[in-house]
Amino acid sequence: MINAVYQLVKPGMIDVTYKEFALEGDKAVVRPLRLSICKADSRYYGGKRSHEAIRRKLPMALIHECVAEVVYDPSGAFSPGARVVPVPNAPTHSDDVVAENYLESSRFASSSADGFLQDYILIEPTRLVPMPEDIDLNVAAFTELVSVAMHAVARFEKFSHARRDDLGVWGDGNLGYITALMLKYVFPYASLRVFGAVEEKLSYFTFAAGAYHVDADIGGMRVDHAFECVGGSDSAAAVNQIIGLIKPEGTVALLGVSETDVPLNTRLILEKGLRVFGSSRSGKADFVSAVELMRQYPEIPRYLVNLVGDVVEVRSIRDIHRAFELESKRSFGKTVLVWNK
C-alpha cells in the first residue's frame, strides 16, 4: 500500500511524501476519522518554537489528537471498522519506576516522530484504545487531551494528602476546562473552584462551585490543592497566586507549558511545606481511564462539546492550512479536522 504523509517542512508550508508499506508484520493499520489541533502543533505550524527546535524536528507530520477506524489488525484484537483512539506515545521499553510518558527513549507523535496527519497510521495494536460508538466523533478527536488531564489527576491522587474538600483550577482554557471537569467527576464531593482571566470563558464552567476572575477580591479564599493549567507568560502570576492561597501541606500540580523560566515564591513553598509536581502528556492507562470515565458519565462528553470550535472538512492540503489558520485565531475550544482525504 502507498501512504500519503502530510509533513510540515517549514513553518506554514506542508508537503506530501509517499511511503510504501506492506500488510505484514505485527503493525495495525488505522485510518483517521477526526483529528484535533493541539497548541503545540499550532506553535510548530506558526514558527513559534525556537529556531533550533524547528530545525531539529522538521520535516514532520503534525497532530497527535485523533480518533480513527481500524483497517487491518494482524493481532485480531480489533475488527475492521472498529473505532479506536491511537496513543501517540510509543515506549521502546517499560520501567518499574518511570512512567512511559516520561521515559527519555519514548517517541511521541508530532514531536519526535511523524504525527497522525496521514492517510493511514501504522501502529502497534496494543497502542489502540477502543472508543464507544455513542461518543461524538468531534469530542473523541481530542481524547488525548482528556487523557492528559486524567494523568494529572492520577498523579495528584498519588502525591496529595487525603483532605480534598476544596480544589482549585487556575486556567480558563481548554486544559483548565477539561482538568476541572475530570476533577468534578473523580472527586464529586469536593468544592471545585476555577480561576481565570477571561469572563466569557469562565462562563463555560457551569459545573464548578464557582468561577472567578484572578483580579477579583479572592484573597479570603483557600484551597487544599491546586492545578495550574495556564502556561505561557502568565504562568508565574498563576503559580504564585496559588502559593499564596493554598493551605499548608497542599499539593500544586503544574500542567501549563511555558517557553521561558518561571520564577516561584520558594519562601512560601518552604513555609507551607507544599508539594509541587509536574505532569506532562499521558500513557495508555490514562487513555483507558479517560474513555471509561466518559462511558460511565455520558454528561462528560456533552460538556466537552462546548470545546468543539471550527470543524473543517479536509480534502486537500489547502484545507489543512485553513484549519491551522482558524486555530491560530482561537482562544478557547478546539479546531477539528474531518479527514476525507
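1. A good place to start is the charged side chains: the count comes to 15 salt bridges, a salt bridge being a side-chain nitrogen of Lys or Arg within 4 Å of a carboxyl oxygen of Asp or Glu. Please keep in mind that this is a predicted model, where local features need pLDDT of at least 70, side-chain atom pairs count only at pLDDT 80 or more, and totals for chains, interfaces and linings use all residues. Residues are numbered from 1 along each chain as its sequence is written, and side-chain values use heavy atoms, with hydrogens and water left out.

2. Have a look at Lys19 and Asp114, which form a salt bridge with their closest N and O atoms 3.2 Å apart. Lys19 belongs to strand E2 (residues 13–20) and Asp114 to the loop between E8 and E9, so this pair ties together parts that are 95 residues apart in sequence. The element names come from DSSP runs numbered from the N terminus: helices (H or I, at least four residues) and strands (E, at least two). Both partners are partly exposed, Lys19 at 39% relative accessibility and Asp114 at 24%. Here buried means under 20% relative accessible area, exposed over 50%, and partly exposed in between (1.4 Å probe, protein chains only).

3. Helix H2 has a salt bridge of its own, between the side chains of Glu52 and Arg55 (2.8 Å, N to O). These two residues are three apart in helix H2, so about one helical turn separates them. Glu52 is partly exposed at 38%, while Arg55 is exposed at 51%.

4. Two further items on salt bridges are worth finding. Arg315 pairs with Glu313, the closest N and O atoms being 2.7 Å apart; Arg315 is exposed at 55% and Glu313 partly exposed at 38%. In addition, a network of salt bridges links Asp166, Arg193, Asp224 and Lys247.

5. Now for the backbone. Most residues other than glycine have a negative phi, and most peptide bonds are trans. Leu58 and Pro59, however, are joined by a cis peptide bond, with omega about 0 degrees. Pro59 sits in the loop between helix H2 (51–57) and strand E4 (60–61).

6. Finally, two residues that are not glycine have a positive phi: Ile63, at about 80 degrees, and Ser110, at about 70 degrees. Ile63 lies in the loop between E4 and strand E5 (65–72) and is buried, with a relative accessible area of 0%. Ser110 is in the loop between strand E8 (107–108) and strand E9 (121–123), and it also counts as buried, at 3%.
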